[in-house]
Amino acid sequence: MGSYFDVPHLLAAPPITRAAYSDRTAWIMAELSRLVYEPLPEEVSIAELVSEIREAVKSGSPEDTVEMLLRRAIESQQEVSSDISKILEQHDFEFLEGFACSGTEAFLARLNHIDSSGQMLILVFRGTQPNISDISTDIKADLVAAPEGGRIHRGFLEAFEHVRERIETALGRYPGSPVYVAGHSLGGALALVATRYLKRESTGACYTFGGPRVADDRFFEGIKTPVYRVVNAADGVPRVPFGYGLKIVLGGLRMIPVNGTFQISEWLRKHFVGYTHFGTLVFLSATPTGPNSASSKSGRLQVRKSPNFFWRSQLVLKRLLLTWGKAGGVDHSIRDYSEKLKQYAQSRNESAGPVEET
């Protein structure tokens, strides 16, 4: 269990009623997106129960003992604490509810402001983990018709539907509060889907970290909630599934004088062409993380909104070449995202004063 929210003053009264991009809010969302990888209360409960059942069977306990444990698995509504809820409580958050169903995990929390009149609800989705369920979700990358229009990644839609009803019910208990949605990797994709279907006009915002493409342009029509798509240097995940550049590849494939290439390109066009990103790109430069790296004179960390394409492409290509391509995976770490955003938020708030935001 690592440490979280280790710069307490950055948590003090973030601008919850202003949905414009905020350095401090970005760091808070990144930390929560890192925290959601810890076991949820409901997962802790199930894991403990499974362990008890295994021990009972292994020790040759009577059938009624095993039956009792199984019955408790079905009927128990007992609240179970977890490291997530304890960590949130230590930093003035309140854990409201966890969601874990068929490989989709998320939690809803609230930041209560003692020195202001508002409350901040945060819905955070967990990203990809090395298990069959998450891998299966990621590879179901064909675009399918989405409810209410547009086309969407089939796996992301299916994963969201596992928890949609429970999340809608939970959010209904807290009307009127700004709702912020966040997630890393697969969690970022699910955060976008949730923003589309649950809070398209929320007074909060959506922050994604290293999120892949989710859908086509039409799917995102009507979303009024601000979306901030944070990408760390050469992170490879935001570059998949392939976007409109796939048309160029398919055009080249059609020109290959081999039987079947036309049919293959047509199948790919129907199922995969159309993916696009949505929201404001917030790009983190490739500066290595470490003490004072955000303000060091050499290799200063840069955080740019909607950066110039050619500047960004040169930086990414250089980083990939210098690391022999490894940066595509290394830069995807949510810990790296959070560390850079923390350093930058500290630098900005120390230089601009505690009140000013970016």
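Two strands pair if DSSP finds at least two bridges between them. Keep that in mind for what follows, and note that this is a predicted model.

Q: In strand 6, which residue is the bridge partner of Val 124?
A: Strand 3 and strand 6 are a parallel pair, joined by 5 bridges. One of the residues taking part is Val 124, and its bridge partner in strand 6 is Ala 182.

Q: How many helices and how many strands does the secondary structure of the chain come to?
A: Let's start with the size of the thing: the chain has 358 residues, and 50% of them count as buried. Its secondary structure comes to 12 helices and 10 strands.

Q: Among contacts between residues at least 6 apart in sequence, what share joins residues at least 24 apart?
A: Ser 285 and Leu 315 give one example of a long step along the chain, since they sit 30 residues apart in sequence with C-alpha atoms 7.7 Å apart. Taking the contacts between residues at least 6 apart, the share that joins residues at least 24 apart is 69%.

Q: What is the strand order in the open sheet of 8 strands?
A: The pairing in this sheet is mixed. You can see both senses around strand 3, which pairs antiparallel with strand 2 and parallel with strand 6. Read across the open sheet, the order is 1-2-3-6-7-8-9-10.

Q: Which strands stand at the edges of the sheet?
A: The order across the sheet is 1-2-3-6-7-8-9-10. An edge strand here has a single partner strand, so one side of it is left without a neighbour in the sheet. That describes strand 1 (93–101) and strand 10 (303–305).

Q: By how much are neighbouring strands of this sheet turned against each other on average?
A: The sheet is an open one of 8 strands. Ignoring direction, the average turn between neighbouring strands is 20°.

Q: Which residue in strand 3 does Leu 108 stand opposite?
A: Strand 2 and strand 3 are antiparallel and share 7 bridges. Strand 3 is mostly covered, with 6 of its 7 residues buried. The residue of strand 3 opposite Leu 108 is Leu 123.

Q: In strand 7, which residue is the bridge partner of His 184?
A: Strand 6 (residues 179–184) runs parallel to strand 7 (residues 206–209), with 4 bridges between them. For His 184, the bridge partner in strand 7 is Phe 209.

Q: How many residues of strand 8 are buried?
A: Side chains in a regular strand alternate between the two faces of the sheet. In strand 8, Val 227, Arg 229 and Val 231 point one way while Tyr 228, Val 230 and Asn 232 point the other way, and all are buried. So the buried count, with the cut-off at under 20% relative accessible area, is 6 of 6.

Q: Which residue in strand 9 does Arg 229 stand opposite?
A: Strand 8 has parallel neighbours: 4 bridges join it to strand 7, and 5 bridges join it to strand 9 (residues 280–284). On the strand 7 side, Cys 206 stands opposite Val 227. On the strand 9 side, Arg 229 stands opposite Leu 281.

Q: What angle does the direction of helix 7 make with that of strand 6?
A: Helix 7 packs on the sheet and touches strand 2, strand 3, strand 6, strand 7 and strand 8. Its direction and that of strand 6 make an angle of about 150°.

Q: Are helix 6 and helix 7 roughly parallel or roughly perpendicular to each other?
A: The axes of helix 6 (residues 154–172) and helix 7 (residues 186–197) come within 10 Å and cross at roughly 65°. The crossing is right-handed. Angles of 65 to 115 degrees count as roughly perpendicular, and therefore helix 6 and helix 7 are roughly perpendicular.

Q: How many residues in the contact of helix 6 with helix 7 are charged?
A: From helix 6 come Phe 156, Leu 157, Ala 159, Phe 160 and Arg 164, meeting Leu 186, Ala 189, Leu 190, Val 193, Ala 194 and Tyr 197 of helix 7. Of these residues, 10 are nonpolar and none is polar, and the number charged is 1.

Q: Is Leu 315 buried or exposed?
A: Leu 315 lies in helix 10 (residues 309–322). Beyond its neighbours within four places in sequence, Leu 315 contacts Phe 283, Ser 285 and Ala 286. Its relative accessibility is 19%, so Leu 315 counts as buried.

Key: Residues are numbered from 1 along each chain as its sequence is written. This is a predicted model: local features need pLDDT of at least 70, side-chain atom pairs count only at pLDDT 80 or more; totals for chains, interfaces and linings use all residues. Side-chain values use heavy atoms; hydrogens and water are left out. Axes are lines fitted to C-alpha atoms, for helices over the stretch in contact, and angles run from 0 to 180 degrees between N-to-C directions. Helices (H or I, at least four residues) and strands (E, at least two) are DSSP runs, numbered from the N terminus. Angles under 35 degrees count as roughly parallel, over 145 as roughly antiparallel, 65 to 115 as roughly perpendicular and the rest as oblique. A crossing is left-handed if the near helix is turned anticlockwise from the far one by less than a right angle, and right-handed if clockwise. Contact means heavy atoms within 4.5 Å. Ala, Val, Leu, Ile, Met, Phe, Trp, Tyr, Cys and Pro count as nonpolar, Asp, Glu, Lys and Arg as charged, and the others, Gly among them, as polar. Buried means under 20% relative accessible area, exposed over 50%, partly exposed in between (1.4 Å probe, protein chains only).
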